[in-house]
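Reader: I work at the bench and would like a careful look at one part of this model, taken slowly and with its surroundings described. Could you take me through the metal site and then outward to the sheets and helices?

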Amino acid sequence: MKATSQAPYPRTFEEFLEWFSTEEDCAKYLEWIRWPDGFVCPGCGDMKAWRTDRGLWHCQGCQRQSSATAGTVFEDSRKPLRLWFHVMWLMMAQKTGVSAKNLCDTYGFVSYQTAWGWLRKLRRVMIRTGRERLSGRVEVDEAYVGGQKEGTRGRGAEGKTAVLVAVEGAPKKKLGRVRFRCVEAINRESVELFIGDYVEPGALVVTDGLSVYDRLKAAGFEHQAHVITTGGEIARLELDHVHLVISLLKRWLGGTHQGAVTPSHLQAYLDEFAFRFNRRLSQHRGKLFHRLMQQAVTVRPPAVKALYVAKPQSVGVA
Ligand SMILES: [Zn+2]
């Protein structure tokens, strides 16, 4: 199969077209990604199986029949895999991603809802369970995202959702990985849960002077709090990374998605942004496509409820 050549993904759009010209090409690629060492029965784990006439795997152990798409984002889709692959390529090849409106314009999706549903499914698999925690030096800050217009940065700002942001890396050095979480409110509990989940114990956590961060030392982290005052150049420098990430995030939401993100779906967009950001130095966009494909066939999409932890603070968002 073509995927066994140099890289496990097409490196250019031309290669992409060559690799995936038929439904069979796409199905083979999915199987190869899902079962790189040969078919494994999702029911009993047996590897002895044969192909049925309909192209399914029939397990010799438990007699169950499976396809490469069962239990993945492609399950039950009546659209060709080739179209899915194209959308995934586009989503990864464009640095800023795509919106449901782009899909309607580019691929002639008749319904905005369908296009939006595809992107939502793909965003859902971008969160990988058991991700490593951030380590070393980690800047943490809070942001208020969404709402009718950007403006006041403050607690409970009109129509905005509170988001906690963590960014790895030393000052003036390359930024490391990022993590985001929508929360109902910024308080000691939400802040400590977020940092506890995403930052390695003992790491240095750098924050502003808000009192919600004042128990971090007791929770087992090194902690530096910088009170940001007018003209507080040094303090601002210490939180440069996280402030930069917040402004890039806001620009992306306002640009690609034109602010059309409702608070209840914001977490999924944050996951897409993190997925992209954490792989922004990838030389080949095809690598991101490959990664997304891997997650699309191996990560079971979490229940919708589990995704949207934040209750919208207000619903006045377009
Ligand atoms: Zn079986």
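Author: What follows begins at the metal site and then moves on to the sheets and helices. The model is a predicted one, and the description should be read with that in mind.

The zinc ion is held by four cysteine sulfurs, the SG atoms of Cys41, Cys44, Cys59 and Cys62, which coordinate the ion at 2.3 Å. Read along the chain, these donors keep the spacing C-x2-C-x14-C-x2-C. The angles that the four donor atoms subtend around the zinc ion run from 100 to 115°, and the arrangement is therefore tetrahedral, since four donors count as tetrahedral if all angles lie between 85 and 135 degrees.

An open sheet of three strands, in the order S1-S2-S3 and with antiparallel pairing, comes next. Its edge strands are S1 (49-51) and S3 (65-66), each of which pairs on one side only. Strand S2, made of residues 57-59, is joined to S3 in the antiparallel sense over two bridges, and within this pair His58 has Gln65 in S3 as its bridge partner.

A further open sheet has five strands, ordered S6-S5-S4-S7-S8, and its pairing is mixed. Because strand S6 (178-183) and strand S8 (222-226) stand at the edges with a single partner strand each, one side of each is left without a neighbour in the sheet. From one strand to the next, the twist averages 25°. Strand S4 (residues 137-145) and strand S7 (residues 204-208) run parallel and are joined by three bridges, and the bridge partner of Glu139 in S7 is Val206. Helix H8, covering residues 240-255, packs on this sheet and touches S4, strand S5 (161-168) and S6, while its direction makes about 35° with that of S4. Helix H9, covering residues 266-277, also packs on the sheet and touches S4, S5 and S6, with its direction at about 175° to that of S6.

There remains a pair of helices to describe. Helix H2 (residues 23-34) packs against helix H3 (residues 81-93) at an angle of about 65°, and their axes lie 8 Å apart, which means that H2 is roughly perpendicular to H3. In this contact, Glu23, Cys26, Ala27, Tyr29 and Leu30 of H2 meet Leu81, Arg82 and Phe85 of H3. Sorted by character, the residues of the contact of H2 with H3 comprise six nonpolar, no polar and two charged.

Technical notes
Residues numbered from 1 in each chain as written. Predicted model: local features only at pLDDT ≥ 70, side-chain atom pairs only at ≥ 80, totals over all residues. Heavy atoms only, no water. Pairing = 2+ DSSP bridges. Helix = DSSP H or I, 4+ residues; strand = E, 2+ residues; numbered from the N terminus. Axes fitted to C-alpha atoms, helices over the stretch in contact; angles between N-to-C directions. Contact = heavy atoms within 4.5 Å. Parallel < 35°, antiparallel > 145°, perpendicular 65-115°, else oblique. Nonpolar A, V, L, I, M, F, W, Y, C, P; charged D, E, K, R; others polar. Donors = N, O, S within 2.8 Å, 3.2 Å for Na, K, Ca; no water. Tetrahedral: all angles 85-135°; square planar, octahedral: opposite > 155°, others 65-115°.
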